Each structure stands twice: as C-alpha cells, then as structure tokens.
Amino acid sequence: MKKQFAVIGLGRFGGSICKSLSEQGMEVLAIDTNEDKVNEYATIATHAVIADTTDENTLKSLGIRNFDHVIVAIGDNIQSSILTTLMLVELGVNHITVKAQNDYHEKVLNKIGAHKVVHPERDMGVRIAHNIISKNVLDYLELSDEYSIVELIAGKTVHGQSLIDLDIRAKYGCNVMAIKRGEEINVSPAATEYLMNGDIIIVIGADKDINRMEHDLF
Ligand code: ADP
C-alpha cells in the first residue's frame, strides 16, 4: 500500500515538499488555511483542503492519525506550529516532521515530542557558506558539531595518485566513501584506486581533519 503523507502549510517549504512527494507517486493531503494556496495545490496533491490545524476537531475529522507521516510547514506563525505539533503528538501520529523558524522554536518542538525538526534556512546557509569559502567543497553535510561528510572536487595536485599514495586515512583520519567520475560512482573505493582531475570525492571525518586534508591536497 502507498504511504500516506499530510503536509500542513503550503508556503515555499511545505509546497515544495508536497510537490516532490506527489511527483514520487506518494499519496499527499495538502492542508492550508489559505484558499488560494489550497487551490494552487489541488491539482498537484491527491487531496487539498482548507483547514485550520490548530483546531483539534478539525485534525480529528481529517483522520490525521491514520497518516504515516505528517509534515508541519507552518512558517511565521510559531504559535500555530507549536499547537498543531502538540496535538499531532497527543493524537499519536507515527511520524511528525516540523520546520523550525529559529533555535527557540526548535527547542520547544523537540521538547513537546516532534520526531524530527528541520531548519532548512539555517542548514542551507551553512552549506552555502562552506561552498563559498572553498571552491573545492561542492556540498557539506553536518553529522554533529565535530563530524561532517563533504563532497570535494579533485584538482591537478592529486591527479594520478591513489588513495594509498595520498595516505588519506592514516594522515588525516578521514575515509573516502565514494568517488564520482562523470556518470560513474564507485562506492567504497579500494585503497589502490587512483584519482583524476575533476573527480568528486565524498569524504567522512572530523571537521578539523577534513580542513587539514582540503588545505594540503585540494
Ligand atoms: P515558508 O517560509 O515556507 O514560505 P510561510 O510562512 O510563507 O512559509 O507559509 C506557511 C503556510 O502555512 C501559509 O500558506 C499559511 O497560510 C499556512 N498556515 C499558517 N497557519 C496555519 C494553520 N493554523 N493551519 C493550516 N495552515 C496554516
């Protein structure tokens, strides 16, 4: 059976989630208080309804408990976001993902039992900053305060050298998880694998080690 999703709030973030889930063939109920937004998503989502999710009876009558995953993407109205999340938790929804506007909002959402809190503007800002600072960093995923996964573009300095020649694991304590060359991707490359100018390598490690390696080799 297809997974059923409900997206509450059809602003830029919620709207994009709704579109993407629908494009991937998921069943999506799109909810917003704003009639224009609901009309906009009526042809995209499986169902679209005008509703205020801060009203418990409304949530119950939508049968929200039966959805596999509910995404709360209410933007500026933090009070509505918190109240909606709290009721979803109390109703026993299996998976609740909520967009936080700021760190305080995030803290409250975690406290009241949201299963996953996302902070897209902040996270995207961090990723873009890394990309701006270093031309070689294509993407960046923070795993914790200390550890990350980064996508680095290999230049002339490493061209023709193998992972063993570069001694990445011993020298920098980082692991090369994959090498992308054009359309091809080699996951878990052998130590004898060599790099070419323009390859994209995906590395996992401590931030300070990744920085050291990037500085020396890229
Ligand atoms: P974004 O920053 O992602 O663009 P917005 O703040 O523009 O977010 O959009 C949030 C959406 O959430 C708006 O379309 C708004 O009408 C909707 N919304 C706000 N409060 C509620 C609520 N109580 N119930 C349902 N939808 C709501």
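Domain bounds are taken from an automatic or database domain assignment, and for the protein chain this assignment gives domain 1 (4–118) and domain 2 (123–217). The centres of domain 1 and domain 2, taken over C-alpha atoms, are separated by 36 Å. The model is predicted, so that local features need pLDDT of at least 70 and side-chain atom pairs count only at pLDDT 80 or more, whereas totals for chains, interfaces and linings use all residues. Residues are numbered from 1 along each chain as its sequence is written, and side-chain values use heavy atoms, with hydrogens and water left out.

The ligand is surrounded by 20 residues, of which R12, F13, D32, D52 and G75 come nearest; a residue is counted as near if one of its heavy atoms lies within 4 Å of the molecule. This shell divides into six nonpolar, eight polar and six charged residues, where Ala, Val, Leu, Ile, Met, Phe, Trp, Tyr, Cys and Pro count as nonpolar, Asp, Glu, Lys and Arg as charged, and the others, Gly among them, as polar.

Polar contacts with the ligand (pairs of N or O atoms within 3.5 Å) include one between a backbone N or O atom of R12 and a ligand oxygen atom, at 2.8 Å. A polar side-chain atom of D52 lies 2.9 Å from a nitrogen atom of the ligand, and a polar backbone atom of D76 is 3.4 Å from a ligand oxygen atom. Taken alone, the ligand exposes 590 Å², of which the protein buries 82% (Shrake-Rupley method, 1.4 Å probe).

Technical notes: Polar contact = N/O pair within 3.5 Å; in protein donor to acceptor, adjacent residues only side chain to side chain.
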